[in-house]
Amino acid sequence: MKIMNKSKVGRNDPCPCGSGLKYKKCCLGKDDGQTEENRTAYARKYNVRLKDEKAVEGIRIAGRLVLETLDLVEAAIRPGLVTEVINTLVHEHTVKNGGIPAPLNYRGFPKSVCVSVNEVICHGIPGERELREGDILNVDITTIIDGYFADANKTFFVGSPGPGARKIVNVARECLRLGREKVRPGNTIGDIGFAIQQYAEGQGCSVVREFVGHGVGFEFHESPQVPHFGRKGEGLTLVPGMVFTIEPMINLGERYLRVLDDDWTAVTRDGSLSAQFEQTILVTDDGYESLTPYDL
């Protein structure tokens, strides 16, 4: 998802609930952040639709199938596997279990899953590419069940990784963990991005700017956008009921990219390796819950 704009509610700004008080004197840090006033204000001002318990449970159910499908793919990964086989596995398992693969025909995307190998940052199209010993492979699955969307991805090793592959995968995994830990009411989207950027760049890696996390649940892509770079205290303030992805794309080399002639596949401009991990995250009253949880 491309970055379009930034929203910001600072501690001294008017509270989005419409009370007329400053945010720090009103809803900042309160456990009842998902009030009807907040729901209305966030929808009106930021186009962010907070999720109630029914919606969260629906996303959680879709998330279970996403994780089950990722496990199925992981078990099949080996040198010599053609990426089209991964598409078939994901499509058939999703449909057999009552889901819909969200990527298929989304804005013209031709497959049911994104499969990104080595220098491919994201939106790789499954096809005839054959996996080789030492490759890294990102598999990004979004599933719809009963109208609710859940989204997650992992980067896997194909056979035994080299030192560069091991480094970038470990850094990307830690970036998701650190970003996730910044999710709690009263923090901002900028806090998430700052934590990710500081760590990645401190490891000598770079953060992709052109693609970001996003709201999810009622649709494939919703507001807010969640950059994986930023400054502390900037961006939209987090409140309970927000659901979004954190999915840092981390390059071993420079951050710059180009999109191939298929208009989907984004690759590192310098040919360096890129890795990514993603989970769908709910802001709770006192922190967060991953709706697509797996160990980091």
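Strands here are DSSP runs of E, at least two residues long, numbered from the N terminus. The model is predicted.

**The sheet**

Strands S3, S12 and S11 form an open sheet, in that order. Their pairing is antiparallel. Strand S3 (120–122) and strand S11 (257–259) are the edge strands, and each pairs on one side only. From one strand to the next, the twist averages 40°. Strands of a sheet pair through backbone hydrogen bonds, either parallel or antiparallel.

Strand S12 covers residues 266–268. Three bridges join S12 to S11, and the two run antiparallel. One bridge position can be named: Leu257 has Thr268 in S12 as its bridge partner.

**Ser272 in the loop after S12**

Ser272 lies in the loop between S12 and strand S13 (274–276). Is Ser272 buried or exposed? Its relative accessibility is 13%. Buried means under 20%, so Ser272 counts as buried.

The side chain of Ser272 has these polar partners:

| Side chain | Partner | Distance |
|---|---|---|
| Ser272 | Gly253, backbone nitrogen | 3.1 Å |
| Ser272 | Asp270, side chain | 2.7 Å |

Which residues does Ser272 touch, leaving aside its neighbours within four places in sequence? Ser272 is in contact with Asn118 and Glu119. Ser272 is also in contact with Asn251, Leu252, Gly253 and Glu254. Gly253 thus appears twice: in this contact list, and as the residue whose backbone nitrogen the Ser272 side chain reaches.

Technical notes:
Residues are numbered from 1 along each chain as its sequence is written. This is a predicted model: local features need pLDDT of at least 70, side-chain atom pairs count only at pLDDT 80 or more; totals for chains, interfaces and linings use all residues. Side-chain values use heavy atoms; hydrogens and water are left out. Two strands pair if DSSP finds at least two bridges between them. Helices (H or I, at least four residues) and strands (E, at least two) are DSSP runs, numbered from the N terminus. Axes are lines fitted to C-alpha atoms, for helices over the stretch in contact, and angles run from 0 to 180 degrees between N-to-C directions. Buried means under 20% relative accessible area, exposed over 50%, partly exposed in between (1.4 Å probe, protein chains only). A polar contact is a pair of N or O atoms within 3.5 Å; within protein, one must be able to donate a hydrogen and the other to accept it, and residues adjacent in sequence count only if both atoms are side-chain atoms. Contact means heavy atoms within 4.5 Å.
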